[in-house]
Amino acid sequence: MHNQPSALAHLKVLDLSRVLAGPWCTQILADLGADVIKVERPGVGDDTRHWGPPFLKDAQGHDTDQASYFTCTNRNKRSVTLDLAHPDGQALVRQLVLQSDVLVENFKVGGLQAYGLDYASLHALNPKLIYCSITGFGQDGPYAERAGYDLMIQAMSGMMSITGRGDDVPGGGPQRVGVALTDLFTGVYAATAILAAIEARHRTGLGQHIDMALLDVGMATLANQASGYLNTGKVPQRQGNSHPSLAPYQDFPTLDGPMLLAIGNDGQFARFCEAAGHPEWAVDERFASNTSRVRHREALVEAMSGATRTRTTAQWIALLQDKAVPCGPINDLAQAFDDEQVKARGLAITQPRAAQQVAQDGIAAIAGVASPLRLADTPPTLRHAPPALGQHTDEVLAELGLDAAHILALRLSGVV
């Protein structure tokens with residue numbers, strides 16, 4: 001067991017964000033030990049609490065009214081309900097801001113100004129506050145006022161244009177990635193920006209405003225596809241599971257379904273040809289180098305597919321795994337979580353819930369995926385299961401110095 005404090009145990013984060021990009025960012029900070037206070041609307045909470053099916057199940061295996069979506073991005077946080085439209089609610093946020101290092105919000109541009117909770121107002125109150133705003137299009141530019149959604153950004157940024165099969169094959173056409181990739185990347189980039197701002201604050205003593213936009217992140221994550229276009233003027237096309245710059249780097253048919261081959265250099269290709277019983281391919285001038293394999297991809301894939309169909313996926317993996325030829329199954333999620341390596345790394349986790357919560361909704365524990373951040377000395381910790389709505393309101397308000405009578409009065413007036 002590690003006895004030293006978590007990496008970010010000294011930080012307090014006020015999370016006014018909802019849905020995915022903001023909560024993903026704050027969950028990363030929370031996993032690393034930050035005390036994240038999630039502020040939710042009284043009675044309703046984060047939108048994703050209701051984004052089902054699928055729903056969490058109770059001990060009898062029946063659906064509850066709690067969507068599983070919320071749990072993927074809100075563990076290790078404390079949930080407080082506060083009405084930001086109410087002056088008393090705004091006053092409590094200001095009190096929390098005085099104790100906070102970081103604030104994360106994803107309101108529309110200018111949305112928090114009416115409440116006096118914009119960057120300028122809160123910076124004046126606590127100059128050390130790092131204030132991270134997450135929007136669809138950023139704080140300026142002609143689209144700044146528009147709401148932005150991951151699917152829309154995947155479409156606008158060009159991500160969908162390079163995802164899916166080509167128009168000339170069955171099932172062709174632009175596709176979105178199977179998860180809200182732009183939201184998730186925005187959360188990761190936002191966490192990185194916040195850690196950089198904390199580092200800068202060590203020198204300056206001051207916080208700063210961070211302007212994160214889904215569109216900016218969507219364009220940035222086009223990576224090699226963007227650099228290819230910007231430097232050649234050639235627009236990349238969809239090509240299913242094959243790669244614009246490598247071959248053979250795609251799925252191949254086997255006796256019992258598809259497998260994936262990810263051959264990145266000529267040595268791997270030669271070893272594959274040897275194992276497959278076709279050493280002549282490695283010396284064929286059409287296939288001898290990666291560049292010529294890409295140019296003659298059609299002939300290469302046709303020849304290889306004939307060979308790959310002769311064995312099952314498991315047989316191919318067994319044949320190639322000790323020859324340093326990257327080869328693997330195309331798993332569904334059940335198969336992925338059943339994988340030996342996934343199990344060995346402990347990637348599926350379960351968090352038990354407090355008895356009081358179990359009594360209310362019958363959900364005994366919540367399953368999730370482990371943090372991929374492996375710090376040897378200050379690893380991520382599992383402290384709180386994803387919280388019930390307002391689970392920590394009394395606790396957090398008491399930490400602000402409010403007594404039970406004051407808290408009850410706030411409840412009766414609908415502020416919390």
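This report describes two nonpolar cores, one helix pair and a few unusual backbone geometries in a predicted model.

Residues are numbered from 1 along each chain as its sequence is written, and side-chain values use heavy atoms, with hydrogens and water left out. Because the model is predicted, local features need pLDDT of at least 70 and side-chain atom pairs count only at pLDDT 80 or more, while totals for chains, interfaces and linings use all residues.

**Nonpolar cores**

A nonpolar core is a set of buried Ala, Val, Leu, Ile, Met, Phe, Trp, Tyr and Cys residues joined through side-chain atoms within 4.5 Å, where buried means under 20% relative accessible area, exposed over 50% and partly exposed in between (1.4 Å probe, protein chains only). The largest such core holds 28 residues, of which Leu29, Cys132 and Ile194 touch the most other members. At least two residues of this core come from each of α1, β6 (102-105), β7 (130-135), α5 (181-204), β8 (209-213) and α6 (214-220), the helices (H or I, at least four residues) and strands (E, at least two) being DSSP runs numbered from the N terminus. Apart from this core lies another, of 26 residues, with Leu14, Leu16, Val396 and Ile407 among them. Leaving aside residues up to four places away in sequence, leucine 29 touches Leu8, Val13, Ala34, Ala191, Ile194 and Leu195, contact meaning heavy atoms within 4.5 Å.

**The α8 and α12 pair**

The axes of helix α8 (residues 266-276) and helix α12 (residues 313-320) come within 10 Å and cross at roughly 120 degrees; axes are lines fitted to C-alpha atoms, for helices over the stretch in contact, and angles run from 0 to 180 degrees between N-to-C directions. The two helices, α8 and α12, are therefore oblique to each other, a class left over once angles under 35 degrees count as roughly parallel, over 145 as roughly antiparallel and 65 to 115 as roughly perpendicular. In their contact, Phe272, Ala275 and Ala276 of α8 meet Trp316, Leu319 and Leu320 of α12.

**Backbone geometry**

Most residues other than glycine have a negative phi, and most peptide bonds are trans. The table lists the departures.

| Site | Geometry | Place |
|---|---|---|
| Proline 53 to proline 54 | cis, omega near 0 degrees | proline 54: loop between β2 (35-40) and β3 (55-57) |
| Alanine 247 to proline 248 | cis, omega near -5 degrees | proline 248: loop between α7 (223-232) and β9 (249-254) |
| Valine 19 | positive phi of about 70 degrees | loop between β1 (12-15) and α1 (21-31) |
| Alanine 223 | positive phi of about 50 degrees | helix α7 |

Valine 19 counts as buried at 19% relative accessibility, whereas alanine 223 is partly exposed, with a relative accessible area of 44%.
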